[in-house]
Amino acid sequence: MIGAPVIFGLTIVVSLLGLYAASQIIALSNLTVLSGDDSLTLPLLSLGGRGVVSVVGNIVPKDVNAMLTAWSKGDIASAQSW
C-alpha cells in the first residue's frame, strides 16, 4: 500500500443521542456523512448530512427519492410528509 487510505465519507448509524457526534463530524471535517438509519435521515440532513444508505429505499425507491428531492429543493414540509 502506498500512502494512507483515503476516506471520502461516513455512514452514521446512531440513536438520536448520537446525532450530536455526527453534527461535530459534519462541522469539523470535509467528509460526506450519510444516514445509515432510515428513521434518522431527515434529522441528519438537518444537521448537514448529505443522504442515506437506505433499506426502505430498496422497497419504495420512488418515495425515498421524493423525500430527498423535496429536501434538496428546500420543501421541508413535503420531505417530512414521506
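These legends accompany several views of a predicted model of a protein chain.

**View 1. The whole chain, with its helices and strands.** Welcome to the overall fold: here you can find five helices and three strands in the protein chain. Following the sequence from start to end, you will meet them in the pattern β-α-β-α-β-α-α-α. Among contacts that link residues at least 6 apart in sequence, 29% bring together residues at least 24 apart.

**View 2. The surface and the interior of the chain.** The protein chain has 82 residues, and 27% of them count as buried. About 5600 Å² of the chain is exposed, with 62% of that area supplied by carbon and sulfur atoms.

**View 3. Helix α1 and its two sides.** Take a closer look at α1, which spans residues 19–28. Leu19, Ala22, Ser23 and Ile26 are the buried residues to pick out here. Because these buried residues fall within an arc of 100 degrees when seen down the axis of α1, they line one face of the helix. Turn your attention to the other side of α1, and you will find Tyr20 and Leu28 exposed.

**View 4. Thr41 and its surroundings.** Our last stop is Thr41, a residue of helix α2, which covers residues 41–46. Is Thr41 buried or exposed? Its relative accessibility is 2%, and because buried means under 20%, Thr41 counts as buried. Which residues does Thr41 contact, leaving aside its neighbours within four places in sequence? They are Ser35, Val52, Met67 and Leu68.

Methods: Residues numbered from 1 in each chain as written. Predicted model: local features only at pLDDT ≥ 70, side-chain atom pairs only at ≥ 80, totals over all residues. Heavy atoms only, no water. Helix = DSSP H or I, 4+ residues; strand = E, 2+ residues; numbered from the N terminus. Buried < 20%, exposed > 50% of the residue type's maximum accessible area, 1.4 Å probe, protein only. Contact = heavy atoms within 4.5 Å. Arc of directions from axis to C-beta. Areas by Shrake-Rupley, 256 points an atom, 1.4 Å probe, with all protein chains shown as cover.
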